[in-house]
Amino acid sequence: MVAKLAAQGVSDAQVLAAMGAVERHRFVDTALVNQAYEDTSLPIGLGQTISKPNVVARMLELLRHGVTGKLGRVLEIGTGCGYQAAVLSHLAKEVYSIERLRGLHDKARENLRTLRLPNVHLLFGDGMMGYAKGAPYAAIIAAAGGEAIPAAWIEQLAVGGRLVAPMQTASGAQALVVVDKTPQGVKQTLLEAVHFVPLKSGTS
Ligand code: SAH
């Protein structure tokens, strides 16, 4: 899988190493294990999906944007099965990951238990409000896309920090968005089209 990612253009050695360190098959149902290393998104229950490895790698590469060493505190919105949080644990000092569906929050806890990643903190709640207690974050990454970037995310991003998220564009399609918070202000860059599950408010 890592060799394929490199061939597809992922060049950040730390991202490739982190992707190589986490066994993706541990995060999917037994029936899907033989598809775990293919470049495809897979169902994780409750209508949600684990993203394609190539999209995870692309977003993590954007998030790191050449930062040497580890990122500081990172907030992930949409824990899902916990796969991306596990990959992030190798790239960041602390990972706060929030999920709005109790069933998936519990599943991620179960999946991550045996990996013993003390720097991953799983939270149950509405990630649209971010997680103020862990702020400011060096980086924020979302695995679900809404119509706009919630104001709380920008507020909780550190100056010098970067946010990567899917977002609905004017045409109704979804695209990746990078937000850089600089001392001069907030800069937003729209990138390629993506297909993520919707960002929803509240918990369930
Ligand atoms: N990173 C995950 C991808 C999960 S899919 C993984 O590696 O498996 C995206 C997840 O975002 C879904 O589980 C969905 O329930 C969750 N989500 C959607 N809106 C949310 C919100 N407001 N707060 C927290 N999680 C949310």
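1. Starting with the layout: the protein chain carries 6 helices and 11 strands. Keep in mind throughout that this is a predicted model. The C-alpha trace spans about 50 × 40 × 40 Å along its principal axes. For 204 residues, a compact globule would have a radius of gyration near 17 Å, and the protein chain comes in at 16 Å, so the two agree.

2. On packing overall, 51% of the 204 residues count as buried. The accessible surface of the protein chain is about 9300 Å², with 54% of that belonging to carbon and sulfur atoms. If you take contacts between residues at least 6 apart in sequence, 53% of them join residues at least 24 apart.

3. Now the inside. In soluble globular proteins, nonpolar side chains tend to be buried together. Here the largest nonpolar core has 47 residues, and the members that touch the most others are Met 19, Phe 27, Ile 50, Leu 60, Leu 63, Val 74 and Tyr 83. Helix H3 (residues 53-64) supplies the largest share of this core, 7 residues. There is also a second, separate core of 21 residues, which includes Ile 98, Tyr 137, Ile 149 and Met 167.

4. Leu 60 is a handy residue to click on if you want to look around the largest core, since it is among the members touching the most others there. Setting aside neighbours within four places in sequence, Leu 60 is in contact with Val 15, Met 19, Val 87, Leu 88, Leu 91 and Ile 141.

5. Next, the aromatics. Searching the whole structure turns up 3 aromatic pairs. For Phe 27 and Tyr 83, the ring centres are 5.6 Å apart and the planes sit at 75 degrees; anything over 60 counts as edge-to-face, so that is what this pair is. Phe 27 is in the loop between helix H2 (13-21) and strand E1 (42-45), while Tyr 83 belongs to helix H4 (residues 83-88), so the pair ties together parts that are 56 residues apart in sequence. Both rings belong to buried residues: Phe 27 has a relative accessible area of 3%, and Tyr 83 has 2%. Elsewhere, Tyr 96, Tyr 131 and Tyr 137 make up one aromatic cluster.

6. Two arginines are worth a look alongside those rings. Arg 24 lies over the face of Tyr 83, 5.8 Å from the ring centre. Arg 102 puts its charged end over the ring of Phe 124, at 3.9 Å from the centre.

7. Which residues does Gln 156 touch, once neighbours within four places in sequence are left aside? The list is Leu 75, Met 129, Gly 130, Tyr 131, Ala 132, Ala 135, Pro 136, Tyr 137 and Ile 140. Gln 156 sits in helix H6 (residues 151-156) and counts as buried, at 8% relative accessibility. Two of its contacts, Tyr 131 and Tyr 137, are also members of the tyrosine cluster with Tyr 96.

8. Another two of those Gln 156 contacts, Ala 135 and Pro 136, deserve a backbone check. The peptide bond joining Ala 135 and Pro 136 is cis, with omega about 0 degrees. Pro 136 is in the loop between strand E5 (120-124) and strand E6 (137-142).

9. Still on the backbone, a couple of non-glycine residues have positive phi. Leu 46 has a phi of about 55 degrees and is found in the loop between E1 and strand E2 (48-50). Leu 46 counts as exposed, at 56% relative accessibility. His 65 has a phi of about 25 degrees, and its place is the loop between H3 and strand E3 (71-77). At 38% relative accessibility, His 65 counts as partly exposed.

10. Last stop, Leu 115. Is this residue buried or partly exposed? Leu 115 counts as partly exposed, with 24% relative accessibility. Its location is the loop between helix H5 (102-113) and E5. Outside its neighbours within four places in sequence, Leu 115 is in contact with Arg 26, Phe 27 and Ala 86. The C-alpha atoms of Leu 115 and Ala 86 are 8.4 Å apart, with the two positions 29 residues apart in sequence terms. Phe 27 thus turns up once more: a contact of Leu 115, a ring partner of Tyr 83 and a member of the largest nonpolar core.

How values were computed. Residues numbered from 1 in each chain as written. Predicted model: local features only at pLDDT ≥ 70, side-chain atom pairs only at ≥ 80, totals over all residues. Heavy atoms only, no water. Phe/Tyr/Trp six-rings, centres within 6.5 Å; stacked < 30°, edge-to-face > 60°. Helix = DSSP H or I, 4+ residues; strand = E, 2+ residues; numbered from the N terminus. Buried < 20%, exposed > 50% of the residue type's maximum accessible area, 1.4 Å probe, protein only. Lys NZ or Arg CZ within 6 Å of the ring centre and 35° of its normal. Rg over C-alpha atoms; globule rule 2.2 N^0.38 Å. Contact = heavy atoms within 4.5 Å. Areas by Shrake-Rupley, 256 points an atom, 1.4 Å probe, with all protein chains shown as cover. Core = buried A, V, L, I, M, F, W, Y, C linked by side-chain atoms within 4.5 Å.
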